[in-house]
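Student: I should like to study this protein chain by asking about its fold and its residues in turn. May we begin with the surface and then move inward?

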Amino acid sequence: MRAVGPPVAAAAVALALLSGWTAVGGAGRQRPVEAGPGWLLLPTAGGSTATAAFFTVRNPGDVPDELVGAQWEFGGRITLKRHQHQGASGRWEPVAALPVPERGELVMSPEDADLMITNPPPLRAGQWVEFTLSFRHSPELKVRAEVVPPGGRRNG
């Protein structure tokens, strides 16, 4: 019985600690997503009637989330897009949601995912624009994006 005592006691202590951690919300805990400032591509004069915004969204929680929509201060339509790779080429497709993995990030970029904005109003380089991002589980998040010219891209 002496040989069994210490392992059983250690298991009981570990079980008590894990139960306490779970009881106070430490296990499987959902926390709201976070994002810092992003960037918005300045449309070229006489060029496209659309542009794109990019953000890095961080999920500090243990539960995955999804970006399900976005709005900006000018109104109008914003579409969530993802690049579908097909060998050396690919195409853009609208998506219903962009995943934000647990304890991970959604890093939007011209090569992967973005917020496509059709018919934007006139914008100028250096201007800051307000966005509201909507998520499946987290509350809405107000963020800003700086308008940058082509080639002036920054990481979100």
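**Surface, fold and interior**

Tutor: The chain has an accessible surface of about 9,000 Å², and carbon and sulfur atoms contribute 57% of it. Accessible areas follow the Shrake-Rupley method with a 1.4 Å probe; for residues, only the protein chains shown count as cover. This is a predicted model, in which local features need pLDDT of at least 70 and side-chain atom pairs count only at pLDDT 80 or more, while totals for chains, interfaces and linings use all residues. Residues are numbered from 1 along each chain as its sequence is written, and side-chain values use heavy atoms, with hydrogens and water left out.

Student: How many helices and strands does the secondary structure of the chain contain?

Tutor: Helices (H or I, at least four residues) and strands (E, at least two) are DSSP runs, numbered from the N terminus. Along the sequence the pattern reads α-β-β-β-β-β-β-β-β-β-β-β-β. The count is therefore one helix and 12 strands.

Student: With which sense do E3 and strand E10 pair?

Tutor: Two strands pair if DSSP finds at least two bridges between them. E10 covers residues 113-118, and four bridges join it to E3. Within this pairing, Ala52 stands opposite Met116 in E10. The sense is antiparallel.

Student: Which residue stands opposite Arg82 in E10?

Tutor: Strand E6 (residues 78-86) is joined to E10 by five bridges, and the two run antiparallel. The residue opposite Arg82 is Ala113.

Student: Is Thr51 buried or exposed?

Tutor: Thr51 lies in strand E3, residues 50-54. A residue is buried under 20% relative accessible area, exposed over 50%, and partly exposed in between (1.4 Å probe, protein chains only). Because its relative accessibility is 6%, Thr51 counts as buried.

Student: How far is the backbone oxygen of Leu41 from a polar atom of the side chain of Thr51?

Tutor: Contact means heavy atoms within 4.5 Å. Leaving aside residues up to four places away in sequence, Thr51 touches several residues, including Leu41, Met116 and Pro120. The distance from the Leu41 backbone oxygen to the polar side-chain atom of Thr51 is 2.3 Å.

Student: Why do the rings of Trp39 and Phe54 count as a stacked pair?

Tutor: A search of the whole structure finds four aromatic pairs. Rings of Phe, Tyr and Trp (its six-membered ring) pair if their centres lie within 6.5 Å; planes under 30 degrees apart count as stacked, over 60 as edge-to-face and the rest as tilted. The centres of the Trp39 and Phe54 rings are 4.2 Å apart, and the pair is stacked because the planes meet at 25°.

Student: Which strands hold Trp39 and Phe54?

Tutor: Trp39 is buried at a relative accessible area of 2%, and Phe54 is also buried at 2%. The pair links distant parts of the chain, 15 residues apart, with Trp39 in strand E2 (residues 38-41) and Phe54 in strand E3.

Student: What kind of pair do the rings of Trp72 and Phe74 form?

Tutor: Trp72 is buried at 7% relative accessible area, whereas Phe74 is partly exposed at 36%. Ring pairs link both of them with Phe55 and Phe131 into a cluster. Their ring centres are 4.8 Å apart and their planes are at 75°, so the pair is edge-to-face.

Student: How far apart in space are Leu98 and Val68?

Tutor: Leu98 belongs to strand E8, residues 98-100, and is buried at 0% relative accessibility. In sequence, Leu98 and Val68 are 30 residues apart. From C-alpha to C-alpha, their separation in space is 6.7 Å.

How values were computed. Polar contact = N/O pair within 3.5 Å; in protein donor to acceptor, adjacent residues only side chain to side chain.
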